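Okay, thanks everyone, let me get going. I'd like to walk you through one model today, strand by strand and then contact by contact.

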Amino acid sequence: MPPRNRQSERQPARPVRPVTITAVVDPVAALASENLDDNLYFYDTNKAAGSTGFGTPELHSRVRKGDTLLWNVIPLECETYVALADIEIDPRIAEPTRKVYPGTDIVFWTAEVKQDLTEPVPYRLSFLLGTVGTPFTPTARPALAGPANEGKGGR
Amino acid sequence: MAQQHGIIVLFDVENALRTRSLDGNTYWFDNMKLLGSVGVGTEQLVTIVPGTHFLDGSQATEQVLNWLPAALGSIPPTVPRNYLAEQERADDRRTLEELAALGSAGSVSDADLKRLQRRVGKRARKSGSGRGLTEAKLLDVTGKTTTSPGAYNYPAPVITDITGQAVSEKIMYPAQYGSPDMIYDGWYWAATVDTSRPGVYPYTMHVQLHELVEQDDELVWQSVDLTCQSSLKIINDPKRNGFTGAGLGVLPLPSVPAAG
Amino acid sequence: MKDRISIVVMVDAVGALSDRTLHNGNLSLVDDSSAGSRHQGTPDLVTVVVPGQVVQWTPIHVDVQTPVEIKAIEFLSGAAAQPPADQTVPAYPVEPSTVPAPAAVSGEGVDATGSNGHENYDLLVWEGVVPYDMTPGVPYRYRISLQLHEGPNSVLHIDSPALLRV
């Protein structure tokens, strides 16, 4: 048995990796049906911290002040273009910036959580699909939620 | 014409490594929800495989499955597979250029050297038991080289085998193939499906995850072998003529064609 | 003369769904007729045919993982001003030996439901025999409707291709 997870012993307080929020999108289904909500699945890397709504467009990500967040996209049809076009969130909570993986045109967004949250803060993501110029925005909204919600049964 | 069915398996690698289990840590997708796949985006995907046969009973459309594993919280699979290596080489080139520039400038500051040192990054050594990873520098999840062993980008999980009822009963014939694609190069698992025996057939995917551990003051990749389950639902229907609803007929031409 | 002519319907599904049209280079028709078809590789393909030949249409998607199927092929009539989907009486000779129930012969509405209750146009084979009473020298234009995935934007058609008896 190899020594396990030494890094977590060294840094118990703050994960070094960002909290990644991944949107899995079926772009072809979304284009054909004009319904992004039914073809959008959110996940994050913070399930152990109490994130909920995995596999839905209403993921609630459990975050803390100082966490780095990273949003990216996985298209269901790997040859079809999908990109995260914008993130709208209360700038007092986070100010996401658009970045690309170095040397590629593949987009991700990052932000730092500016304060601990007492209530879930919904935010809005929009996506570019296929070759359509205008972004698609799902009706359902994911949210950031703070540790204060733990007593409320993980809404 | 039937398309190739892509099955994406998204792994919560961090949780899986912590619990040493894939239970609750895999999310399965295919692009066949419209034809009846259920559980897309969950751990309980049942992939529909809609077989067809001609009136003489022969199999009409060959159904092909492809599996694509991906790690949640890593550089996504849309970034080319050889990206890690490319990115490291690009960093090395830049560092060498800057070193040369520093040398010719005459004075070298500590800050400059530290910056370059950071970029050179840490290298991990592969342990003897692992498969599929070459000696590599560490990249973080944004594609930058990192010196922090707690920030490394989890390598994509590697499928090592596909077994179970669907395979032992010869419903599908999975095998690993080399991709001819120079950009998304690498190995992938694919299978052709015998759709002549309708039913639900489970299968087991054997997956190797990789974890960076410190051993004798060295960083070493350790492999962790785990399994997870999914299933195929085979149906089979006869092909029919689109014009007649049954067999071959005469084309339904109008008495007077439209002016054109 | 060949017994069989194959018309390949090549579709860029993502392009077509994004542009909401099969034009803009999103669809290309190619046949293997040796008798001088015109406009190969375009949506305006005129396929030269001979009575008795079997013509078969096959959809091919540029993107291998995107479902593209033929939902309907309807020959456009110049006799009535009605849209071709309303065409109910087949205006061609019926050969009893090869043609089954006339109710299904309009080229529209053939059931594509699979045994699990889901529509699956992969079940349909689009082929037919060129009739002997086809008027030579006149293009018979047809509407080809494609099913690209499912939903309100998923069906697109073009009216430009034709069969031509020489």
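I'll start with chain B, move on to where the chains touch, and finish with a pair of strands in chain A.

One thing up front: this is a predicted model, so keep that in mind as you look at it.

Right, chain B. We have 260 residues here, and 43% of them are buried. On the secondary structure side, chain B has twelve strands and four helices. If you take the contacts in chain B between residues at least 6 apart in sequence, 63% of those join residues at least 24 apart.

Now look at strand β10 of chain B, residues 199-215. What does β10(B) pair with? One partner is β11(B): the two run antiparallel, and 17 bridges join them. Another is strand β7 of chain B, residues 158-163, also antiparallel to β10(B), with five bridges. You can pick out B:Gln208 in both pairings. Opposite B:Gln208 on the β7(B) side stands B:Val158, and in β11(B) B:Gln208 faces B:Asp225.

The turn is worth zooming in on. β10(B) and β11(B) make a hairpin with two residues between the strands, and there B:Asp216 takes a positive phi near 50 degrees.

Stay in β10(B) for a second and find B:Val213. Is B:Val213 buried or partly exposed? Well, being buried takes 20 or more other C-beta atoms within 10 Å. B:Val213 has 18 C-beta neighbours inside 10 Å, so B:Val213 counts as partly exposed. Also, the C-alpha atoms of B:Val213 and B:Pro149 are separated by 8.4 Å, though the two residues are 64 apart along the chain.

Okay, on to the contacts between chains. Chain B and chain C first: 36 residues of chain B and 55 residues of chain C take part. On the chain B side, the elements giving two or more residues are β3 (46-53), β11 (218-238) and β12. By class, that side of chain B has 18 nonpolar, 15 polar and three charged residues.

And there's a sheet that takes strands from both chains. The order is β12(B)-β6(C)-β4(C)-β1(C)-β2(C), so to speak from one end to the other: five strands, an open sheet, mixed pairing. Why do β12 of chain B and β2 of chain C each have one side without a neighbour in the sheet? Because they stand at the edges, each with a single partner strand.

Going into that sheet, β12(B) and β6(C) run parallel, joined by two bridges, and B:Arg240 stands opposite C:Leu124. The next pair, β6 (residues 124-129) and β4 (residues 54-61) of chain C, is antiparallel with four bridges. There, C:Val54 in β4(C) has C:Val129 as its bridge partner in β6(C).

Then chain C with chain A: the contact takes 16 residues from chain C and 13 residues from chain A. On the chain C side, helix α1, residues 13-19, gives the largest share, six residues. That side comes to five nonpolar, eight polar and three charged residues.

Last stop, chain A. Strand β2(A), residues 40-44, has five of its five residues buried. A:Leu40, A:Phe42 and A:Asp44 point one way, while A:Tyr41 and A:Tyr43 point the other way. β2(A) pairs with strand β1(A), residues 19-25, antiparallel over five bridges, and A:Thr22 has A:Tyr43 as its bridge partner.

That's my tour, happy to go back to any of it.

Notes: Residues are numbered from 1 along each chain as its sequence is written. Chains are lettered from A and ligands numbered from 1 in the order in which they are written. This is a predicted model: local features need pLDDT of at least 70, side-chain atom pairs count only at pLDDT 80 or more; totals for chains, interfaces and linings use all residues. A residue is buried if 20 or more other C-beta atoms lie within 10 Å of its own, exposed if 12 or fewer, and partly exposed in between; C-beta atoms are placed from the backbone. Two residues are in contact if their C-beta atoms, placed from the backbone, lie within 7 Å. Two strands pair if DSSP finds at least two bridges between them. Ala, Val, Leu, Ile, Met, Phe, Trp, Tyr, Cys and Pro count as nonpolar, Asp, Glu, Lys and Arg as charged, and the others, Gly among them, as polar.
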